[in-house]
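Visitor: Please take me through one part of this model in close detail. I would like the charged pairs, and what lies around them.

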Amino acid sequence: MIGNQKQHRIFGLDLMRAIAILMVLFGHCVWIFPNSNSLFHQMMVLSGFLGVEVFFILSGFLIGKILYELYLKEDFTFSKVLYFLKRRWYRTLPNYFLVLLLDVGIAYIVGYAIPNLWDYFVFILWKYFMFLQNYTTTMLTFFPESWSLAVEEHAYIILPLFLFLAAWVLKPKHKSRFFLMVVVVLILTFFCAKINYQFTTSNTTLGQWNVSLKAVVIYRLDSLFIGVLCSWIYINYKSFWRTNKHVFFVVGICLFIFQFVAIGYFRLMIDTYPFLWNVLYLPMVSIGVACFLPVLSDWEVETAFYQKPILFISVVSYSVYLVHYSVVLQLLKHFIPYDAQNTMQLLGFVFAYVFITFFLSYLLYRFYEKPLMDLRDKNS
């Protein structure tokens, strides 16, 4: 069934998505291995962070192309906004709500974070159903990976609605340039939110940065809109995009070297350089990831032996993201004890974690996600 997905796909983007989900999986192995200050431990932490950033840029790039082409075809009415949202929500909401309910049941059974289910639902849990769990503030430890899904869902709503309202008020004559203006305004708006954070908080620790800035919706939406901006450049300046793809690739590598090597080497830490971390760091990561898009988006077809496994991982990646941590890893750690100092037990636990994650993700995709996507396409 996975093989049927090959039509109209770009291998480089599938590779990008597959790498992103594997990085997230590797990153959450940090909760399996013994805590340490080793380079391996730091690589796991960095891998999980970077995997989500790749998803943001890729999601923005893909929805940007869809919305831009929809906007140019004919009058961009509110019904077109609803059409765009309907297709997005068919893709994202059913899986999310199913796993959310499953997580609630798991948390209640194992006694994790929900000692009184009714009180928890009244005061906190309802926010997860509205993607408000981390809109302006730090979220709780329940279903922690959902923070990025809230960022994406808000981007899906804000972009078409703002585009529709702005076009309705201003009646633009040049729709392509107007789309660009809307995207730039949104990027600057949410970039300014980080500037406001810098001047209204006294954050000087990476721990606080991680939960109160990096994982909060209003400070992260510009990442997806940078991906949308890339889609506009890709469509309107395709020759420039392709001609300079290797230049962009090198720039991306240089940005990564600065962000993940030079900052530590030169001790540009958050306690002494808070503006760098609170305002500039995350946009630099987004731009760095975006610099790899020209090469990957131009890699349309691949016939080597690794094409099929990459396609498989890419297709089930959303299901993997939803079940890998709060479902699989939480249950494994609760019910299956292991000695973290015993190499064989540790490797066996990791293998079980990865195997069960992909097995359940395939089932979720095959019998739930794909039928709903087929229904969406049939009704479109």
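Guide: What follows starts with one salt bridge and its surroundings, then turns to other pairs, the core and the cysteines.

This is a predicted model, in which local features need pLDDT of at least 70, side-chain atom pairs count only at pLDDT 80 or more, and totals for chains, interfaces and linings use all residues. Residues are numbered from 1 along each chain as its sequence is written, and side-chain values use heavy atoms, with hydrogens and water left out.

Start with R91 and E369. Their side chains form a salt bridge, 2.8 Å from N to O. A salt bridge here is a side-chain nitrogen of Lys or Arg within 4 Å of a carboxyl oxygen of Asp or Glu. R91 sits in helix 3 and E369 in helix 15 (residues 343-379), so the pair ties together parts 278 residues apart in sequence. Helices are DSSP runs (H or I, at least four residues), numbered from the N terminus. E369 is buried, at 4% relative accessibility. Buried means under 20% relative accessible area, exposed over 50%, and partly exposed in between (1.4 Å probe, protein chains only).

N95 also touches E369. N95 belongs to helix 3 (residues 78-110). It is buried, with a relative accessible area of 2%. Beyond its neighbours within four places in sequence, N95 contacts Y318, S319, L322, L364 and Y368 as well as E369. Contact means heavy atoms within 4.5 Å.

Helix 15 is not the end of the charged pairs. The structure holds 11 salt bridges. D14 pairs with R17, with the closest N and O atoms 3.1 Å apart. Both lie in helix 1 (residues 11-28), 3 residues apart, about one turn of the helix. D14 is buried at 5% relative accessibility, and R17 is buried at 15%. D377 pairs with R376 at 3.2 Å between the closest N and O atoms. D377 is partly exposed, at 41%, whereas R376 is buried, at 9%. R242, K245, D298 and E300 are linked in a network of salt bridges.

Now the core. The largest nonpolar core has 120 residues, of which I32, Y96, F179 and F225 touch the most other members. Such a core is a set of buried Ala, Val, Leu, Ile, Met, Phe, Trp, Tyr and Cys residues joined through side-chain atoms within 4.5 Å. Helix 2 (residues 39-73) gives the most to this core, with 15 residues.

Last, the cysteines. The whole structure has 0 disulfides, a disulfide being a pair of cysteine sulfur atoms within 2.5 Å. The cysteine sulfur nearest to that of C230 belongs to C291, 7.8 Å away.

How values were computed: Helix = DSSP H or I, 4+ residues; strand = E, 2+ residues; numbered from the N terminus.
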